[in-house]
Amino acid sequence: MRILFVAITLCSVLLIGQATPVEDHVSYSGVQVWTITISSPEERHGLSKMISHYGLEVWKEARSNNPKTDLLVPVQYQKELGLKLMEANINYVIKINDLQAVIDNENLHTKASSSNTRSAHNMDWTSYHRLGDIYGYMSYLNATYPGLVSLINIGSSYEKRPLYVLRISNSSCNATKPAIWIDGGIHAREWISPAVTSYIIQQLVEVQANAKLLLNVDWYIMPVMNPDGYEFTHVSNRMWRKTRSLSSLSSCRGVDPNRNFGYKWGGLGTSTNPCSDIYKGTKAFSEPETLLTSNFILGKAKQIKLYLTIHSYGQAALVPWGYDVAYPSDYADMLALAKSAASTFRKYKFSVGNSAALYYPAAGGSDDWAKSVGIKYSYTFELADSGTYGFLLPSSDILPVAQDFFPALDVFATKIATLKV
């Protein structure tokens, strides 16, 4: 680990964003997203068999409080699958008629290239930005607010991109105050996550009215934990989820970072198939992104009192454990804080509850791991929306989502400030 106290030039940051090997661009023309409503265990079993038979990608699974499943349906299966669902009396609606058209319209207000020299950085929150813009903004803050911001390079991704964490603190001494960790971009295609996480950085650093949030709490924020995958979604395959690592086991690339953390690794909701979107990897922390992030957090574990990982979609605040429907001994306390935070939301209604019960069991998650190493409060927040656009939330929704979410941090900071380091 090394701490950068000098600004990284925009030129070098641009090179970071251009390092992804160019592969054939994946088109989703004609691909549809269907929402299927399950009304019985028999229908759930029948749908599961169809998903397996056609090799369909599940965007969102039916869960206890929501019987709807979102599926990606390629052109060649649409007619046959529709007939099978009708024969089984399973209801479905076509939520997205042409996925590529939605992708094309997702980021219409993209700002001019980072080579624009009229401003010190290229970030805004009316469009989704490449990694170079996000890192360039972090570098700008590091240079502009040296008494408040430290840019920390914790190592490199599989494709040798730096992994950056921003420390925000008005204290000159490390680890004297309790801290909150926030990360985004674990899953590459969830663009709203780095957008909201970088918005949080902007609000904490550049908006004086939020200085109160720094009085008794330090912040460690990592907007993009999976930079290789994130860049790949911008240049090749918008729906890519995993890292971009190569393995001798398969020609399929990548590991699901949120199945790769070292608590209950390899359990429910994971796959041994390298081509699966929930592939767990060859071992816990096989990916440099998860290993380096976990090592950094472990080094601050006594200081970090709250772990918050930002995902999409579904509008839910998820409380460990996620590896199975199981509950930590202090679950009631964790749940109460999550509910208090979610109560600040005005535009978007969130479900709050146990991860595995509200969604599905998924072992090897970062929130479970953080809880297991002694961080008392650990949460996953699944941002908007509830399924209209899914992972392809229009850029016009970035600010509404971010502004609605930000007040929850006051609730978290108030609670964490009462805890001793």
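The largest nonpolar core of this predicted model holds 65 residues. Seven of its members touch the most other members: I168, W219, L308, Y379, F381, F405 and F412. The largest share of this core comes from helix α6, which supplies 8 residues. A second core lies apart from it. That core has 19 residues, among them I152, M222, F285 and I304. In soluble globular proteins, nonpolar side chains tend to be buried together.

L308 gives a closer view of the largest core. Beyond its neighbours within four places in sequence, L308 is in contact with W181, I182 and D183. Its other contacts of this kind are Y379, F381, F405, L409 and F412. Of these partners, Y379, F381, F405 and F412 are also listed with L308 among the core residues that touch the most other members.

Helix α6 runs from residue 192 to residue 206. From its first C-alpha to its last, this 15-residue helix reaches 21 Å. That is close to the 21 Å expected at 1.5 Å a residue. Is α6 enclosed or open to the surroundings? Because 14 of its 15 residues are buried, α6 is largely enclosed by the rest of the structure. An α-helix has 3.6 residues a turn, so residues three or four places apart point the same way.

A370 was examined as a single buried site. This residue is found in helix α11, which covers residues 366-372. A370 counts as buried because its relative accessibility is 0%, and buried means under 20%. Which residues does A370 contact, leaving aside its neighbours within four places in sequence? They are Y307, I375 and S378. L292 is 78 residues from A370 along the chain. The C-alpha atoms of A370 and L292 are separated by 14 Å.

A search of the whole structure found 1 disulfide. It is formed by C252 and C275, with their sulfur atoms 1.9 Å apart. The two cysteines are 23 residues apart, and the pair links distant parts of the chain. Both C252 and C275 sit in the loop between α7 (227-235) and α8 (288-299). The link of C252 and C275 is right-handed, with 80 degrees about the S-S bond.

How accessible is each cysteine of the pair? C252 has a relative accessible area of 24%, so it is partly exposed. C275 is partly exposed too, at 43%. A370, by contrast, is buried at 0%.

Technical notes
Residues numbered from 1 in each chain as written. Predicted model: local features only at pLDDT ≥ 70, side-chain atom pairs only at ≥ 80, totals over all residues. Heavy atoms only, no water. Helix = DSSP H or I, 4+ residues; strand = E, 2+ residues; numbered from the N terminus. Buried < 20%, exposed > 50% of the residue type's maximum accessible area, 1.4 Å probe, protein only. Contact = heavy atoms within 4.5 Å. Expected span 1.5 Å × (residues − 1). Disulfide = S-S within 2.5 Å. Core = buried A, V, L, I, M, F, W, Y, C linked by side-chain atoms within 4.5 Å.
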